[in-house]
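Q: Could you walk me through one part of this protein at close range? I would like to follow the sheet and then see how the rest is arranged around the chain.

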Amino acid sequence: MLTAGSTFYSSMQNMVWGFQDIIKKSNYSYEYVKFMNYPAAMVVGDRKLKKSDKHTIEFKNVCFSYPSSNVRVLDNVYITISAGEHLSVVGLNGAGKTTFIKLLCRLYDVDSGDILLDGINIKKFEYDEYMNTIAVVFQDFKLLSFSAKKNIVLDKDEKDENVNKLLELVGLGEKMKSLPKGIDTPIFKQFEKEGIEMSGGEQQKLAIARALYKNSPIVILDEPTAALDPIAEYEIYRQFETLVGGKTAIYISHRLSSCKFCDRIAVFSEGTIKELGTHDELVIMPNGVYAEMFEAQAQYYK
Ligand SMILES: Nc1ncnc2c1ncn2[C@@H]1O[C@H](COP(=O)(O)OP(=O)(O)O)[C@@H](O)[C@H]1O
Ligand SMILES: [Mg+2]
C-alpha cells in the first residue's frame, strides 16, 4: 500500500515536471516561429541566368561595412574578372578578401556600388539559380557528422562509383580504400563509434570534393584555416587548379600559394585592391605590396 502510494506520488510529480518542461520549451519554439516569420530583408529578383559555363564578374566601386560597425571593410573595390579567368586574391589577414567573397555570394549586400554577373546586377537574379552558379569552399567550412559520401552529395542520389572517382581526383582515394566502410564511413566520432577523425588537410579535400560535385561554373576557394603549411596549401591549390579547367575561378590566400598558376593576381590591402596584374608585372613594382610579400615568402615558392 505504502509502495503504491509513493509510486503514485512520484508519478504525479514527474507529470507536473513534464508539464513545466513543455511550457518552458514552448516558449523557445514561440521565439523560433517568430524568427522564422521575419520577412527576408534581402532583395531578390526573378531573372534567370543564361545557361553558359562561363561567366564574367564585375565589382564596380563596391563599398561595404558590416552591420553595426562603421569600419569600412571594403572601400571602392573595382575589378572585372573575365569568363574563364583564374584569379588569385592575396593580402594580409583582415584585408577584406573573405568579405569580397561573402558579397559575391550574397551573404551581405553592398552599401554602395554594384556587383554584376554578365553585366547584370546580382540582386536581379533568382536567388537559388544565382547561388547554383557558384561553388565555394569557405575558410570556416563545416563537414557534417555523416558519411564521407553524404558530405559530398548531401541529399542527392548518386552512384558510389562517381563519388569514388571524385574522391580519387581530390586525393582521398587511398584514404577511402583504407577504411572498412569506404565512402560510407561516418566522419567524426560524435554520433558513431566507428566514425573517423580526419586531418585538417583531409577535411579540406572533402570540402573541395563537395564543391566540385556541385559542378558550378564559378568556383572559389578561400584559404584553409587549418594549420596547413605553405607547401601543403600550395599542393591543394595546384590539385584544385587541374580540376577546375576552363571555369571562372578565384583562389584566396594570405600566402602566395595560388599565384603561380593563376592568370592574374589581385592584391587586397586595407579593403581595396591595391595592385592587379600578373606575377611578373607585380613582382617588379617598386615599393609594391606583392613584391614585398613575395620577398618575404620566396623561400616557399621559388
Ligand atoms: N562579421 C563581421 N563583423 C564585423 N567585422 C568583421 C566581420 N567579419 C570580418 N570583419 C572585419 O572585416 C575586416 C576584413 O575581414 P576579412 O574579409 O575576413 O579579411 P581577410 O579574409 O582578408 O582576412 C577585418 O577587419 C575583420 O575584423
Ligand atoms: Mg579570409
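Q: In what sense do strand 9 and strand 10 pair, and over how many bridges?

A: Happy to take you through this. A word on the source: this is a predicted model, in which local features need pLDDT of at least 70, side-chain atom pairs count only at pLDDT 80 or more, and totals for chains, interfaces and linings use all residues. Residues are numbered from 1 along each chain as its sequence is written, while chains are lettered from A and ligands numbered from 1 in the order in which they are written.

Strand 9 (residues 264–269) and strand 10 pair in the antiparallel sense, over 5 bridges. Strands here are DSSP runs of E with at least two residues, helices are runs of H or I with at least four residues, and both are numbered from the N terminus. Two strands count as paired if DSSP finds at least two bridges between them. Within this pair, Val267 stands opposite Glu275 of strand 10.

Now for the sheet as a whole. It is open, with 6 strands in the order 6-7-8-3-9-10 and mixed pairing. Strand 6 (134–137) and strand 10 (272–277) are at the edges with a single partner strand each, so one side of each has no neighbour in the sheet. On average, neighbouring strands are turned by 15° against each other, direction ignored; the axes behind that angle are lines fitted to C-alpha atoms, for helices over the stretch in contact, and angles run from 0 to 180 degrees between N-to-C directions.

At the other edge, strand 6 runs parallel to strand 7 (residues 218–221), joined to it by 4 bridges. Ile134 has Ile218 of strand 7 as its bridge partner. Ile134 and Val136 point one way from strand 6, Ala135 and Val137 point the other way, and all are buried. A residue is called buried if 20 or more other C-beta atoms lie within 10 Å of its own, exposed if 12 or fewer, and partly exposed in between, with C-beta atoms placed from the backbone.

The core is a good next stop. The largest nonpolar core has 62 residues, and those touching the most other members are Val89, Ala209, Ile220, Leu221, Tyr251, Ile265 and Val267. Its largest share, 5 residues, comes from helix 7. Such a core is a set of buried Ala, Val, Leu, Ile, Met, Phe, Trp, Tyr and Cys residues joined through C-beta atoms within 7 Å. Leaving aside neighbours within four places in sequence, Ile265 is in contact with residues including Ser88, Val90, Cys259 and Tyr290; contact means that the two C-beta atoms, placed from the backbone, lie within 7 Å.

Helix 7 (200–213) turns up again beside helix 5. The buried residues of helix 5 (residues 160–169) are Val163, Leu166 and Leu167. Seen down the helix axis, they fall within an arc of 100°, so they line one face; the arc is that of the directions from the axis to the C-beta atoms. The cover over these residues includes helix 4 (148–153), helix 6 (173–177) and helix 7. Glu161 and Lys165 are exposed on the face turned away from the buried side.

Finally, stepping back, the protein chain has 10 helices and 10 strands. Buried residues make up 28% of its 302 residues. Its C-alpha atoms fill a box of roughly 95 × 50 × 40 Å along the principal axes.
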